[in-house]
Amino acid sequence: MTDTREKRTGDLGHQLALLALVAVLSSVGFLHMFESVSAGSVPQRYMMALGAAGVLSLVVWIILRQLKSYANQNIFFGVTMLTLLGCMEIIRIDYENEGLGRASSAGFNQLVWFLLSLVLMGGTLVAVKDYRIFRKFSYISMVIGLALLFSPMVPGLGVSINGSRIWINVLGHSVQPAEFAKIFMAFFFASYLFDHRDRLAVGGKKIGALHLPRLRDFGPIIVVWAACMGVLVLQKDLGTGLLFFAMFVCMLYVATGRVSWIIIGFIFFVAAAFFASQVFSHVGNRVEAWLHPFDNHVYLAVGGSQQLVTGIFGLAAGGLFGTGLGQGYPALTPLANSDFIYSSLGEELGLTGLFAVLAIYTVIICTGIVTAIKVKDGFGKLLASGLVFTMAFQIFTVVGGITLVIPLTGLTLPYMAAGGSSLVANWMVATLLLIISHQANRPDEDTSSDTFAMAALEVINEKKAQEEKQKMLRSHRASREVASQAVSTATQFITDAESDTESDAEPDSTEPPTDTREQEEYDE
Amino acid sequence: MNRTLRHIFYVIVALFTILGISSSILMVVNAQSLNSDTRNTRALYHEYAQPRGSILAADGTVLASSTESKDIFSFQRSYSNGPVYSPVTGYFSVTVRADRGIEASRNSQLSGQSSSLWMAKLKGLLSGEKNSGAIITTSIDTKLQNLAYELLQKNGYDGAVVAMEPTTGRILAMASTPSYDPNELASHNTSEVANSWTQLASSDSSPLINRATSQLYSPGSTFKVVVAAAALESGNYQPDTMIPAGSEYTLPGTTTVLPNAVSRGDGTNGQISLMNALTYSSNTAFAQLGVTLGQDAVANMAKKLGYGSTINIDGTDSIGVPMQATASKFPSNLSADKLALSSIGQSDVRTTPLLNAMIASTVANNGVMLKPTLVDSVRASDLSIISERSTTTLSEAFSADTAGKLNTMMQSVVDNDTPTLKISNIKIAAKTGTAELGNGTNNGWLMGFAPADGTPKIAISVVLHGIKGYGIQEAGPIMRSLIQEYLS
């Protein structure tokens, strides 16, 4: 951390190289694609939109460099590359659809959404000086999140497309509010769990190796579970329910370090999923299509595996190196540009191309996790890890669904799939990660030796706290030990809170005592 | 919290590893079987996306070609004079893809996928041009083929004509009626194609069957050529050797009496020369001759003349589905009465029209049986030659001496028994055949070649199924017209 300042200046070459790589790769890709689908002529509207995207990306990069100079720009270049790759394939599928008499301008729309995403990212980078501001609105975030989540159910506002009621009508555009609800719920989860993590970490009864949490701590998980099931039941949206649940369970684990929460969460979800597969025909169909995709009666059934299998045939047609952009038949698969963008890309770019895509996702996710590890305050850790894990989990459910690892969930691949709400929302996620990353990497304005000493102290404290916590949990000793553990927890909170405040030197005066008091109160 | 974050990271790595593996399994490990799934239309679209090579007649007339179309299949296959050439071309459809004929036997060359086209593929890759399939030039003579089809079609015959070049084995014409139009099956409308196909496949007249190669007929008296060859080869017989005949012959061990069709086949005093026995198609003489020669001698000659083996006409397994003629049959373990009947081409002897054309060619070609060929040359889309036909010997069935004698005897058939076949200035050698089907109708046959007194240019076999009259009456004019057309 001490050499971050030097690294910052040294980074320019690295950043320029990445910028050039993205620019060259996408230019070559787009030219090749247009060469193949429209004999090399690039229609003017695409030319304008792509030009604008190039200029805006450059502007956002400069803002990033000036205002969030310590942010890890891999995230920015990664999502830009993925978005451009997605647009390329969506435009290409538009051309194929046009040839089949199904005119579509999803590709151009996606470019417009990309421009909007860039503007919003630039604006947010300028406006938000410190991500911790979001912690102050934890319950407001929850209300907004739930309101967004359930808004499609409001008569007159909600729109039903393809049998799913997960859209709302905003100024003539359909918007998928769940995508934005995801971010607000992340704010709420992160701040809630950061505030209550110790209470949740304390165990109740023990069954075998499993420490059951105390019954009264079940409250939040029940509420969230109920909300997710509500989404699942009312909107028939298995994927979104799963995603929220995964986000919450992940953050819960990061906050408490207790595997029991994961196991309980998993059991709850499996129970709900089993219930759903029995009660809702579309969920049951998807499970059936996953178990026996190639059986002829499943293949031919209404709501059967035909779409999935057609997508798989696309992947197989792609093979190792793909058919080449514009040479395959991705549009044979229904929803080729959204739910099945992965198989469309696989068909034309091959396994090689898909591995490149997965590698870019991995870079973004690794950068996110490293950011979470580096950032000193717990809210930031929870927020960054929650957002990143949700992204990773979403990729897993989408790709896993297409490649027969799990049943299809109806989620779409972040940054690549056609759909404005998803694109804009995921760009906001990237923006948040960039801001957190900037603050995580920013060297202390005070002497660097102090920073180092503080970091070392934190590590020692955390280790000590963990050891004692475990010891305590094993032996169930009386409150004396609990108190000493609480003291060390408090010590750690002081260090957490130090980075939590605007002036890094002074500890927050209110929070640590509050936590300590709560701790004692519950454990007495 | 960093410890738990690391755990989260491990979970993510595990999830992504699963995705890498699952993608690899579908895209590489299982790709082959997925691509060949019948429900997978992509392979079909890829096959259609490249212009399929043309199929040409010997003179360059286009029989089948692909032209750009404005739908998802990119290219439309079309056949000129479809029903005339369908036994040669086969068809290429969206439902069953390449089937029958050259389309099937040269599929990978036509589609441009064959490894023999690697040079063309490389050039296409470098120049950015679409990889076109190879051009297949057949040995078909358009005038002969058209005439053959027209003569069969005119009277609504159920039959086939095969014409070959005796010295090379090149097939000059191969017609079969009733026929089908491959254009009906080449439509891009899947349900339309399925309908047409069902209609053709379930039709009682079996239009999809190439009778020239895939239908077996009782050869009738044309089989006497085989028996005569066996007799001459045994060394015990000459054309003027007198053999037992008579107006009637009671099949050994039975009370069944075999008569002759014309009294000239009876001979005098129960004796007839081998030459006249063939000339007047004496049943009594050949039945007894067969019994005298014995099963082994007749069966051996039949085997040398191609009975019992499928005959490859075109293609190999590596470039498509080879075009083959069904194996003609000469039964084994015959009782004497069955041997007698078999020796006059009745009972269970079965022959394809192609084989009879090959037997006529063998007589014309000094006893050497050649492999029939349908393709003269294969050229890449830049017209560079990829492969050319070569003459292959199937068997040396009998000596040139025997061939010469059979030639004379078959000329005698035309000169003495069937003068209607005669053409001025052209010597023709032939053998008729009329196999009774037992329901009042016959299989009428004619096989022969011309010119019989010089270098033979054409050997022909005609079969008409279910006709009322004799072979010579109905098949005769067809053969005569074809020879006249080809040689004048």
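Here are some questions and answers about the two-chain structure above, which is a predicted model.

Q: Which residues of chain B does UniProt list for "transmembrane region", and how much of that span is helix?
A: The unreviewed UniProt entry gives residues 7-29 of chain B for this feature. In the model, the end C-alpha atoms of that span lie 31 Å apart. Strand makes up 0% of the span, and helix makes up 100%.

Q: What distance does helix H1 of chain B reach from its first C-alpha to its last?
A: H1(B) covers residues 2-29, which is 28 residues. At 1.5 Å a residue, 40 Å would be expected. The model comes close to that, with a reach of 39 Å.

Q: Which helices help to cover the buried residues of H1(B)?
A: Let's start with what needs covering: the buried residues of H1(B) include Leu5(B), Phe9(B), Ile12(B), Leu19(B) and Met27(B). Chain B itself contributes helix H2 (31-35) to the cover. From chain A, the cover includes H8 (238-256), H12 (306-318), H13 (341-374) and H14 (378-402).

Q: Which helix gives the largest share of the side of chain B that touches chain A?
A: Across the interface, 30 residues of chain B are in contact with 39 residues of chain A. On the chain B side, H1, H2 and helix H3 (42-49) each supply at least two residues. The largest share is 18 residues, and it comes from H1(B).

Q: Which residues have the most contacts inside the largest nonpolar core, and what does Met251(A) touch?
A: The largest nonpolar core has 147 residues, and those with the most contacts inside it are Phe189(A), Ala190(A), Met247(A) and Met251(A). Another core, of 130 residues, lies apart from it and has Tyr249(B) and Ala450(B) among its members. Leaving aside neighbours within four places in sequence, Met251(A) is in contact with Phe189(A), Ala190(A), Leu193(A), Leu382(A), Ser385(A) and Gly386(A).

Q: Why do strands S3 and S17 of chain B each have one side without a neighbour in the sheet?
A: The sheet is open, with six strands of chain B in the order S3-S2-S1-S6-S16-S17 and mixed pairing. S3 (75-79) and S17 (385-388) stand at its edges, so one side of each is left without a neighbour, as each has a single partner strand.

Q: How does strand S6 of chain B pair with S1 and S16, parallel or antiparallel?
A: Two bridges join S6(B) to S1 (residues 55-56), and there Ile55(B) stands opposite Ile136(B). With S16 (residues 375-379), S6(B) shares four bridges, and Thr138(B) has Val375(B) as its bridge partner. The pairing with S1(B) is parallel, while that with S16(B) is antiparallel.

Q: Which residues of S6(B) point one way, and which the other?
A: In a regular strand, side chains alternate between the two faces of the sheet. S6(B) spans residues 135-138, and its four residues are buried whichever way they point. One way point Ile135(B) and Thr137(B), and the other way Ile136(B) and Thr138(B).

Q: Which residue of S17(B) is the bridge partner of Ser377(B), and what angle does H4(B) make with S2(B)?
A: S16(B) and S17(B) run antiparallel and are joined by three bridges, and the partner of Ser377(B) is Glu388(B). H4(B) packs on the sheet, touching S1, S2 (62-68), S3 and S6 of chain B. Its direction and that of S2(B) make an angle of about 95 degrees.

Q: How many residues of helix H4 of chain B are buried?
A: H4(B) spans residues 82-89 and is mostly covered. Its buried residues include Pro83(B), Tyr85(B) and Val88(B). The count of buried residues is eight of eight.

Definitions and conventions: Residues are numbered from 1 along each chain as its sequence is written. Chains are lettered from A and ligands numbered from 1 in the order in which they are written. This is a predicted model: local features need pLDDT of at least 70, side-chain atom pairs count only at pLDDT 80 or more; totals for chains, interfaces and linings use all residues. UniProt positions are given in the numbering used here, feature names are shortened, and annotations may be inferred rather than shown by experiment. The expected span of a helix is 1.5 Å times one less than its number of residues. A residue is buried if 20 or more other C-beta atoms lie within 10 Å of its own, exposed if 12 or fewer, and partly exposed in between; C-beta atoms are placed from the backbone. Two residues are in contact if their C-beta atoms, placed from the backbone, lie within 7 Å. Two strands pair if DSSP finds at least two bridges between them. A nonpolar core is a set of buried Ala, Val, Leu, Ile, Met, Phe, Trp, Tyr and Cys residues joined through C-beta atoms within 7 Å. Axes are lines fitted to C-alpha atoms, for helices over the stretch in contact, and angles run from 0 to 180 degrees between N-to-C directions.
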